[in-house]
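Notebook open, model loaded. I'm jotting down what I look up as I go.

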Amino acid sequence: MNFDFSNRFDATASQFDKDVDFVEWLYGITKLRRELVQQAHGNVLEAAVGTGRNSEFYDLRRITSLTLQDQSEEMLKVAKAKWRETHPAYEHCRFIHGSALEPLPRPAREKMSAPQDEGYDTIIATMSLCSTPGPSLFLRSLAGHLSVGDVAAHDDGSEREPARILLLEHGRSYYSLLNYLLDQTALAHAQQYGCWWNRDIGKIAEESGLEVISTKRKNFGTTWALELGLPAEAKGVKRQKWLQDSRQKIAVMQADVAEAHVRWKERMGKQEEARRKEEALETWRREQREQMKPKEA
């Protein structure tokens, strides 16, 4: 189903951390967040930052600038407050309210040494593929913001680590029974929490066309840690064509999502109308039964 319930996050932002803190600690996800985020270097973009659950784990000695993005304004408010509390003296962090499927600003730097430095060296996304309507295109969109070169140069000419997308996600399991349970409850879970928890993360990464450098799985295979890089066709003279193709696919997907929402609202409207008619009929029946009762003398 291609429905987008991500607007649920505005309603849950203030309570979100309390709801997931214990579960993430219990399943080792907090530790995995730390391990993933401490790999970030250079100009960093964290897409779908949510409430800023990764904020405390960044090694700022390795970071030139940090851009934190989310399409939920309420989530971003929590992330801002958390960042300022955790890193009050750090000046090179900015917050972007908007969709990662749309063009995002380049890294904010005082000096650009070469064209390849126009992109981000590290893009972080954690627990984000479950809430976007087009997850493989979401990854392609993020890849469009990576540094063009596989290895970009620092302003002083020294070599920088390869530009990468680092993901920590949840989705389908190794086990068919667990996948069956996820599938049976997916729609209800998405409607309530804005999260499709039965997505095949490996398939999404493959469909994105990006290079899958590494994949690690835990918790019966439902927790995924991936490292992605730009494919050969997204580099050099082919890059503009690859980016244009990505934008066209995203536009088609967004149109499909909009159409799906129209159909969904029509379906929900018909169900609501049927429910009201059934309630009215039941009220009429109840009144008729009351009228037919023998009156006391």
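**Entry 1: A48 and the ground rules**

I started with A48, which counts as partly exposed because its relative accessibility is 22% (buried is under 20% relative accessible area, exposed over 50%, partly exposed in between, with a 1.4 Å probe and protein chains only). A48 has a positive phi of about 55° although it is not a glycine. I found A48 in the loop between β1 (42-46) and β2; helices (H or I, at least four residues) and strands (E, at least two) are DSSP runs, numbered from the N terminus.

A note to self on provenance: this is a predicted model, where local features need pLDDT of at least 70 and side-chain atom pairs count only at pLDDT 80 or more, while totals for chains, interfaces and linings use all residues. Residues are numbered from 1 along each chain as its sequence is written, and side-chain values use heavy atoms, with hydrogens and water left out.

**Entry 2: whole chain**

I counted 7 helices and 9 strands in the chain. Of its 297 residues, 43% count as buried. The accessible surface comes to about 16500 Å², and 52% of that belongs to carbon and sulfur atoms (Shrake-Rupley method with a 1.4 Å probe; for residues, only the protein chains shown count as cover). I also pulled the contacts (heavy atoms within 4.5 Å): among those with a separation of 6 or more, 69% come from residues 24 or more positions apart.

**Entry 3: strand β7**

Next I looked at β7 (residues 164-170), where 6 of the 7 residues are buried, so the strand is largely enclosed by the rest of the structure. Which strands does β7 pair with? On the parallel side, 5 bridges join β7 to β4 (residues 122-126), and T122 stands opposite R164. On the antiparallel side, 6 bridges join β7 to β9 (residues 223-229), with L167 opposite L226. Pairing here takes at least two DSSP bridges between the strands.

**Entry 4: either end of β4**

D121 sits in the loop between β3 (93-97) and β4. It is buried, with a relative accessible area of 1%. I checked its C-alpha atom against that of I63, 58 residues apart along the chain, and got 9.5 Å.

M127 is in the loop between β4 and α4 (135-143). Buried or partly exposed? Buried, with a relative accessible area of 17%. M127 has a positive phi of about 55° and is not a glycine.

**Entry 5: the largest pocket**

M127 turned up again here: F16, M127, C130, H170 and C195 lie nearest the centre of the largest pocket, out of 48 lining residues. The pocket holds about 1300 Å³ of space.

My criteria: on a 1 Å grid over the protein atoms alone, a pocket is an open set of points where a 1.4 Å probe fits, with protein on both sides within 12 Å along at least five of seven lines, and lining residues have an atom within 4 Å of a point. Grid points are joined across faces, edges and corners, and the volume is the space filled by probe spheres set on the points.

Which element gives the most to the lining? It's α1, with 7 residues. α1 (8-26), α2 (29-37), β2 (63-70) and α5 (176-193) each supply at least two. By class I get 21 nonpolar, 20 polar and 7 charged residues (Ala, Val, Leu, Ile, Met, Phe, Trp, Tyr, Cys and Pro are nonpolar; Asp, Glu, Lys and Arg charged; the others, Gly among them, polar).

**Entry 6: D245**

Last lookup: D245 is in helix α7 (residues 239-292) and counts as partly exposed at 27% relative accessibility. The C-alpha atoms of D245 and R140 are separated by 9.8 Å, with their positions 105 residues apart along the chain.
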